[in-house]
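I opened this entry to look up how some helices and strands are arranged, and to note any unusual backbone geometry along the way.

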Amino acid sequence: MAGRRPMTKPLRLEKHAARETIKANQQEQQQQQHPWPLNASDALPLPLYLTNGVFFTLFFSVAYFLLHRWREKIRTSTPLHMVTLSEIAAIISLIASVIYLLGFFGIGFVQSCVTRASPHDDAWDFEDRVVDVEEDSLRVPCAASNDCSVPFKDVVMTEDDEEIVKSVVAGAIPSYSLESKLGDCKRAAAIRREAVQRMTGRSLEGLPLEGLDYSSILGQCCEMPVGYVQIPVGIAGPLLLDGREYMVPMATTEGCLVASTNRGCKAIYASGGATSVLLRDAMTRAPVVRFPTAKRTADLKFFLEDPLNFDTLSIVFNRYTSLVVTIPHFLIRYSVSLCNVICLFIYVTILLSLSCSATF
């Protein structure tokens with residue numbers, strides 16, 4: 001990407017020292033000419049609080065006078081466009097007070113809105129700002145300038161990627177659609193990572209990007225990835241279960257968790273092992289239904305818990321419920337059968353626990 005090369009650190013420091021010297025000389029000259037600091041309000045003939053009070057009083061008094069005259073004209077059927085000299089003076093005074101109050105209170109707000117919404121802000125000038133790229137704490141958040149053209153050093157961007165990053169920062173391209181638009185999950189993660197860094201002004205250098213197959217997590221366990229976190233994996237065991245020994249991997253950052261689990265496995269092994277029994281293989285769904293009255297809630301509870309209505313519920317539930325599992329290159333659909341219904345009645349709300357089994 002074409003652009004000016006940043007100056008080396010000694011040159012930047014020398015230029016910064018020269019600017020500081022010039023700035024100090026200018027401040028000294030200003031202090032000699034004006035022993036007290038100059039403010040914008042010094043140009044007013046009256047103190048600022050008195051000027052504000054005059055215009056506030058003028059605004060409300062003139063507004064009250066014009067409203068009173070308008071009401072009198074309506075009551076006497078006088079045409080509104082016929083104005084007297086006092087009314088003309090009142091209108092001019094109202095316009096002047098409105099202009100003053102808008103200029104005093106509104107310009108800062110409007111200017112901040114225009115500055116925040118302007119898409120043509122100047123790029124960061126590294127020759128006028130002393131920025132050490134090795135210190136992230138000195139970096140100004142990119143949200144203050146929509147021209148986020150300063151890349152972070154942990155990601156190398158091509159020209160095409162740079163344009164996409166700018167579009168993501170500007171909101172033209174949604175971040176969640178990068179994988180589908182680019183067709184490359186790792187490239188999408190790198191572009192999203194760079195966009196996040198520029199929007200927040202914070203570096204993600206400590207978060208690993210390389211070493212993960214991002215296509216394997218697409219639509220599975222994480223959306224809009226920008227990297228991954230390394231978690232230590234410990235081994236507990238052997239665990240003697242149903243006559244077989246198992247080594248149990250545990251990914252955790254909690255101290256002593258693997259050690260205590262390993263002691264439990266040792267105790268189970270020394271006692272002859274553990275035996276498992278499957279009581280029921282089922283999934284649960286828990287919808288919540290709310291009624292305007294407690295009586296209707298109770299009627300639903302009685303209906304659902306009535307054994308005579310279970311077949312009807314099972315037919316409807318099985319017809320409109322299915323389980324779809326997606327793995328790479330495969331789409332598995334399970335048929336679901338209703339097994340049990342449990343109702344929890346809380347005034348006008350009823351919580352349903354629907355247990356079901358899934359088969360191919």
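What follows are my notes on a helix pair, a strand pair and the backbone around them, all read from a predicted model.

Entry 1, the helix pair. I began with the general point that two packed helices are described by the angle between their axes and the distance between the axes. For helix H4 (residues 159-170) and helix H6 (residues 185-200) I noted an angle of about 55° and axes 9 Å apart. An angle of about 55° makes H4 oblique to H6, and I recorded the crossing of the two helices as right-handed. I then listed who makes the contact: H4 contributes Asp 160, Asp 161, Glu 162, Ile 164, Val 165, Val 168 and Val 169, while H6 contributes Arg 187, Ile 191, Glu 194, Ala 195, Arg 198 and Met 199. Sorted by class, this contact of H4 with H6 holds seven nonpolar and six charged residues, with no polar ones.

Entry 2, the strand pair. I looked up strand S1 (residues 233-241) and strand S2 (residues 244-251), and found them paired in the antiparallel sense over seven bridges. To fix the register, I noted that Ala 236 has Val 248 of S2 as its bridge partner, and that Leu 239 stands opposite Tyr 246 in S2. The two strands form a hairpin with two residues between them, and in the turn Asp 242 has a positive phi of about 55°.

Entry 3, backbone exceptions. I kept in mind that most residues other than glycine have a negative phi, and that most peptide bonds are trans. Within strand S1, where Pro 238 has its place, I found that the bond joining Gly 237 and Pro 238 is a cis peptide bond, with omega about 5°. Further on, in the loop between S2 and H7, I came to Cys 256, which is not a glycine and yet has a positive phi of about 70°.

Entry 4, the last helix I checked. Which span does H7 reach from its first C-alpha to its last? Helix H7 (residues 257-270) has 14 residues and reaches 20 Å, close to the 20 Å expected at 1.5 Å a residue. Just after H7, I noted one further positive phi, of about 105°, at Gly 272.

Conventions: Residues numbered from 1 in each chain as written. Predicted model: local features only at pLDDT ≥ 70, side-chain atom pairs only at ≥ 80, totals over all residues. Heavy atoms only, no water. Axes fitted to C-alpha atoms, helices over the stretch in contact; angles between N-to-C directions. Parallel < 35°, antiparallel > 145°, perpendicular 65-115°, else oblique. Left-handed = near helix turned anticlockwise from the far one by under 90°. Contact = heavy atoms within 4.5 Å. Nonpolar A, V, L, I, M, F, W, Y, C, P; charged D, E, K, R; others polar. Pairing = 2+ DSSP bridges. Expected span 1.5 Å × (residues − 1).
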